[in-house]
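Work through the exercises below with the model open beside you. Each task is followed by a solution in steps.

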Amino acid sequence: MATLKLFFSLLMVTVHLTSSMAANRHMLMGNQMIDSNWYDAHATFYGDMSGGDTMQGACGYGDLFKQGYGLQTTALSTALFNNGLTCGACFEIKCFNDPQWCYPKAGSIIVTATNFCPPNYSKSEGNWCNPPLKHFDLSKPMFTKLAYYKAGIIPVKYRRVLCYKKGGVQFQIKGNPYWTLVLLYNVGGAGDVKDVKIKGSSTGSWLQMSRNWGVNWQTGANLVGQSLSFQVTTSDGKMIKFDNVVPANWQFNQVFDGKTNF
């Protein structure tokens with residue numbers, strides 16, 4: 001009987017500790033849970049070691065070196081890209097269960113989603129980015145941290161992680177006097193933005209922006225000559241207000257530092 005009581009006591013302690021660890025993990029991920037469990041996928045690479053082919057891309061970023069992402073990037077298959085909603089999210093990836101190609105003790109890499117790996121329905125096999133497959137098309141330098149490049153494709157485990165970025169969220173103002181397009185980059189925390197509001201110093205109220213594509217958000221309001229503020233919300237529900245981060249004398253294509261980050 002004493003042995004049985006000890007067993008149940010140890011079981012309750014284990015359950016409590018496991019629940020506490022999960023709760024702490026979820027709190028770190030923001031107001032809404034980001035699923036940080038490990039899942040199965042595959043990975044390939046595109047471009048060469050210079051990473052030139054990874055610039056620009058379907059998320060709407062520009063020069064990834066200037067914008068702070070460098071070569072720590074990936075394109076996502078349809079199942080992960082989610083019509084661009086996942087742009088900016090960060091993933092931890094490790095080569096799994098392929099001793100022929102995985103580097104021994106390679107560990108894992110962390111990359112930011114900056115591009116889309118489109119499906120290919122023109123051939124019967126090798127269509128790794130077709131739905132419903134979960135696939136990462138890495139920059140070559142990232143792929144070769146996990147496996148020999150001659151592998152071509154490797155099985156991997158992946159999970160969502162928080163993004164850690166240096167400096168504040170960056171706002172690049174594009175468009176014209178009748179249409180303002182704002183590119184947001186260097187977003188930390190969850191990384192993927194789900195809502196943006198903008199306010200000019202003369203508008204008096206917050207204006208809802210809509211997603212144009214990827215990380216570009218738009219409004220039809222004429223905001224020229226006004227200082228600009230933003231409310232940015234990431235996918236985990238966390239919102240930061242950036243007051244007057246853009247001065248009234250701003251010009252199109254300029255970039256402004258939000259000073260703070262998620």
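**Exercise 1. The cavity**

Find how many cavities of 30 Å³ or more this predicted model holds, and describe the lining of the largest cavity by class.

*Solution.*
- Step 1. Count. There is 1 cavity of 30 Å³ or more.
- Step 2. Take its volume. The largest cavity holds about 40 Å³ of space.
- Step 3. List the lining. Tyr61, Tyr69, Cys87, Gly88, Leu184, Tyr185, Asn186, Val187, Gly191, Val193 and Val215 surround the largest cavity.
- Step 4. Sort by class. The lining has 8 nonpolar and 3 polar residues, and no charged ones.

**Exercise 2. Backbone outliers**

Locate asparagine 83 and asparagine 186, and decide for each: buried or exposed?

*Solution.*
- Step 1. Recall the background. Most residues other than glycine have a negative phi, and most peptide bonds are trans.
- Step 2. Read the angles. Asparagine 83 has a positive phi of about 55°. For asparagine 186, phi is also positive, at about 60°.
- Step 3. Place asparagine 83. This residue is in the loop between α2 and β3 (90-95).
- Step 4. Place asparagine 186. Its loop lies between β8 (179-185) and β9.
- Step 5. Apply the cut-offs. Buried means under 20% relative accessible area, and exposed means over 50%. Asparagine 83 has 74%, so it is exposed. Asparagine 186 has 7% relative accessibility, so it counts as buried.
- Step 6. Link back. Asparagine 186 is also among the residues that line the largest cavity.

Next, which two residues does a cis peptide bond join?

*Solution.*
- Step 1. The bond joins proline 131 and proline 132. Omega is about 5°.
- Step 2. Proline 132 sits in the loop between β4 and β5 (135-139).

**Exercise 3. Strand β4 and threonine 112**

Explain why β4 is largely enclosed, then describe the surroundings of threonine 112.

*Solution.*
- Step 1. Check burial along the strand. Of the 8 residues of β4, 6 are buried, so the rest of the structure largely encloses it.
- Step 2. Find the partners. Strand β2 (residues 73-76) pairs with β4 in the parallel sense, over 4 bridges. β3 pairs with β4 in the antiparallel sense, also over 4 bridges.
- Step 3. Name bridge pairs. Alanine 75 has asparagine 115 in β4 as its bridge partner. Cysteine 90 has threonine 112.
- Step 4. Place threonine 112. This residue belongs to strand β4 (residues 109-116). Its relative accessible area is 3%, so threonine 112 is buried.
- Step 5. List the contacts. Leaving out residues up to four places away in sequence, threonine 112 touches Tyr69, Gln72, Thr73, Thr74, Gly88, Ala89, Cys90 and Lys165.

**Exercise 4. Two pockets**

Set out the volume, lining and classes of the largest pocket and of the second largest pocket.

*Solution.*
- Step 1. Start with the largest pocket. Its space is about 300 Å³.
- Step 2. Take its lining. There are 18 lining residues, and Leu80, Thr86, Phe91, Arg160 and Asp192 lie nearest the centre. The elements giving two or more residues are α2 (78-81), β6 (154-161) and β9 (193-200). The largest share, 3 residues, comes from β6.
- Step 3. Sort the lining. It divides into 8 nonpolar, 3 polar and 7 charged residues.
- Step 4. Turn to the second largest pocket. Its volume is about 220 Å³. Of its 13 lining residues, Gly68, Gln72, Thr112, Tyr164 and Lys165 are closest to the centre.
- Step 5. Sort again. The second largest pocket has 7 nonpolar, 4 polar and 2 charged lining residues. β4 gives the most, with 3 residues.

**Exercise 5. The open sheet**

Give the strand order of the open sheet of 4 strands, and say which strands stand at the edges.

*Solution.*
- Step 1. Read the order. It is β10-β9-β13-β14, with antiparallel pairing.
- Step 2. Find the edges. β10 (207-208) and β14 (239-246) each have a single partner strand, so one side of each lacks a neighbour in the sheet.
- Step 3. Look at one pair. Strand β13 (residues 228-234) and β14 pair over 5 bridges, in the antiparallel sense. Glutamine 231 has lysine 241 in β14 as its bridge partner.

**Exercise 6. Confidence**

Which residues have pLDDT under 50?

*Solution.*
- Step 1. Take the whole protein. Mean pLDDT is 88, and 87% of residues reach 70 or more.
- Step 2. Find the low stretch. Residues 1-32 stay under 50. The model gives them 18 contacts beyond four places in sequence.

How values were computed:
Residues numbered from 1 in each chain as written. Predicted model: local features only at pLDDT ≥ 70, side-chain atom pairs only at ≥ 80, totals over all residues. Heavy atoms only, no water. pLDDT = per-residue confidence, 0-100. Contact = heavy atoms within 4.5 Å. Pairing = 2+ DSSP bridges. Buried < 20%, exposed > 50% of the residue type's maximum accessible area, 1.4 Å probe, protein only. 1 Å grid on protein atoms, 1.4 Å probe; cavity = no way out; pocket = protein on both sides within 12 Å on 5 of 7 lines; lining within 4 Å. Points joined across faces, edges and corners; volume = space filled by probe spheres on them. Nonpolar A, V, L, I, M, F, W, Y, C, P; charged D, E, K, R; others polar.
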